[in-house]
Amino acid sequence: MANIKPYTDEIANAVYGEEVRSSIINALNKVNDDNNSYQDIKNQIVASKDDVNEAVAEFDAKVASAQDATTALINATSKGNTAKSALDSAITSANTARTNLVSATTSANNAKSTLKSATSTAQTATASANDVKKNLDSSISSANSAKSALDTAISNAKTAKSNLDTSTSTGNTAKNNLDTAISNATKTRSDLNAVISSAQSAQSSLSGVIAQASTAQTNLQNATNSATNVFNQLTAENVSAKANLDALRSEDFNAQEILSGVTDIRAYLGMIETEDVLGITMDYKNKTCTRIAGAKNLTAGADFDKFSMYGGRKRCNVSDGGTINAYYGEKGYTEDGSNGQVMVYQPKFYYLVCPLEYDRQETGYGYHLRKANYYVSETQRAGFKLHPAFYDKNGNEVDYILMSAYEGCIYDTSANAYLKNDEQVMDASKDKFSSIAGARPASGVSQNLTRPNIEQMAKNRGEGWHSFGIKTASMEQLLMIVEMGMMNLQTAIGQGVVNIPWATGSDTTSSYAGATGSTASLGNGTGRATETTTYEGGVATKNTADGKTSICYRGVENFWGNIWKFAYGVNIWGNGKMAGGMPYICSDFNYAEGKNTDNYEGAGFTVIKANGYISAMGYSTKYDWLFMASECLGNSSLPVGDYTYITENLNGYRVARLGGGWADGSLAGGFYWRLGSGVGSRSRDVGGRLVYVPTVTV
């Protein structure tokens, strides 16, 4: 019997009808070829019928699937055509971009040509700078000549003084001659009267006496004329000598006044050992500090509370009219601004600075203070002066001032709301500078937050309100060093917010300063916050480490660190030959930028000639309260531990800012000054704070 199994298998596995038919034909041919009987073939076919039926069913199912696949293929083809259209559009855009790229390449080539031109210009400018340097060298030579002229002027002044002494001696001789002539004239007149009374008996003697009287009168007139000439000459020489001495004093910055002051001060030294006078000896030269007088055996904190200038300090709420609404701990006291500004009440006190060792600046003007005693007293004593922070706008003494507890934010008068997120929308003519908790300090990221504009917004609160000034700054510095027993206040209290990165990622413009109020729980005390929220990259970040948390001194938060504070009432000026320039101090509250005349007076010394850590303070008798460095050869720990920045060989004006910002590290502190910022400057890390000085009614 023919074996058609392979063909039936083909039929079973066939996919298409043609394959089935071919398999059947092959099977039949095989049967015919083998001459088997029809019945056998029929039997085989019947046996395979069921398999064929199943194959056909499977085939029908596969045809249906093929139809579905065909439909899907048609849909896919449609989508492919759509995608092709999109691709054609993209190709067109790419061709356009290519054209733009060609254009940009052309522009870049033009820019390259411009750059070559700018490079050439820069080379020319470099040559000009070299010429300027030559001129500067010439100016230095001229300065040396001027110094030589000054030495000559000093010598001339000494000669003038010698001439003055000679003239004085001549005047005394002339006066003696005048006295003798007057005496002779008096005697002659007496003789004349006697002769006249006996004229009848001594007529012949009368002519002789008259002649003697005439001679005496002539001698008297001559002596008077001589004396008048000598007196006029003496007066002229006096004026000349005075002018020379005044010029000499101007150049020598009142050396005699300093020596006289030292003599008087040393007379007091043996008297200042009472318990109600507190003091510290700062030996800048040997890098030591020692508590003296009533502070000898005291510890910072509660031991000082019995003295009004310390224990009398307390936070309070103050209205725009200057009324104190509530003190810390009292009912109604708040720190959100709803009951007034959050200020610190500071009672007045008296001070004395005793310079124990100093020497003349070699490359500037004035003196380096090497060692000094600093004293404070709640009552006035011999030699003590009221601290200059305690005078109103009219020069009258006041019993207290108010210093802001917190760094300044802005009250938006148009929105009747505090700007708590350093929004850059200030209107200096209307808005009010503020001191509240829970606000990010105002900065100059993009708004014009300059010294004058902070002062204006402070004054917008009313009479007596001002921005943070140089006299208030020095008051706070003096109180802190006497209580803490050192000048390195970062060691005494805490580093402050000074170790936050200057920039995070691509953000180099926003302020990272921490929000105010993290020391609220300290109240009137001193210490460091347990947690402070800063804003690296504009994102709130909670910090607990020293160096990233706010500090507080008796109610005043962040005297240093977090954000720089502008100090008004002082301008730094130089003429290119005065190292880093001389501080000019405002005598009242009529602050001005770029001014060193009228109500602005020179401090009598120049600040440092190069940046560095403080090693000596500048000194003059009138501005002995001023803490600004004249020398910077110290380090981050001793004797002060703080840094000073200046503009070398300053020629023009600079403003002052104090304390440092969030990224200044060990440079920062209570005596950290940046004296190299230009007039009208602002920055994302600079702000300010409020001060209130009451006005005395007379």
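This report covers two buried residues and two cavities in a predicted model.

## Asn453

Asn453 sits in helix H7, which spans residues 451-459. Its relative accessibility is 19%. Buried means under 20%, so Asn453 counts as buried.

The side chain of Asn453 reaches back to the main chain. Its partner is the backbone oxygen of Asn448, at 2.7 Å. Asn448 also appears among the contacts of Asn453, together with Met426 and Ala428. That list leaves aside neighbours within four places in sequence.

## Ser518

Ser518 lies outside the regular elements that flank it. Its place is the loop between helix H9 (489-492) and strand E14 (527-528). Ser518 counts as buried, because its relative accessibility is 19% and the cut-off is under 20%.

Here the polar partner is a side chain. Ser518 and Ser550 are joined, side chain to side chain, by a polar contact of 3.4 Å. Ser550 is also one of the residues that Ser518 touches once those up to four places away in sequence are not counted. The others in that set are Ala529, Glu531, Thr532 and Glu557.

## The largest cavity

A search of the whole structure turns up two cavities of 30 Å³ or more. The largest holds about 40 Å³ of space.

Its lining includes Val353, Leu369 and Tyr374. Met617, Gly618 and Tyr619 line it too, as do Tyr623, Asp624, Leu626 and Phe627. Two strands, E7 (367-377) and E23 (616-619), each supply at least two of the lining residues. E23 gives the most, with three. By class, the lining has eight nonpolar residues, one polar and one charged.

## The second largest cavity

The second largest cavity has a volume of about 30 Å³. Cys409, Ile410, Leu419 and Ala442 are among the residues that line it. So are Asp422, Glu423, Arg440 and Gln447.

Sorted by class, this lining has four nonpolar residues, three charged and one polar.

## Points to check in the structure

- For Asn453, look at the 2.7 Å approach of its side chain to the backbone oxygen of Asn448.
- For Ser518, look at the 3.4 Å polar contact with the side chain of Ser550.
- For the largest cavity, look at E23, which gives three residues to the lining.
- For the second largest cavity, look at the three charged residues of its lining.

Conventions
Residues numbered from 1 in each chain as written. Predicted model: local features only at pLDDT ≥ 70, side-chain atom pairs only at ≥ 80, totals over all residues. Heavy atoms only, no water. Helix = DSSP H or I, 4+ residues; strand = E, 2+ residues; numbered from the N terminus. Buried < 20%, exposed > 50% of the residue type's maximum accessible area, 1.4 Å probe, protein only. Polar contact = N/O pair within 3.5 Å; in protein donor to acceptor, adjacent residues only side chain to side chain. Contact = heavy atoms within 4.5 Å. 1 Å grid on protein atoms, 1.4 Å probe; cavity = no way out; pocket = protein on both sides within 12 Å on 5 of 7 lines; lining within 4 Å. Points joined across faces, edges and corners; volume = space filled by probe spheres on them. Nonpolar A, V, L, I, M, F, W, Y, C, P; charged D, E, K, R; others polar.
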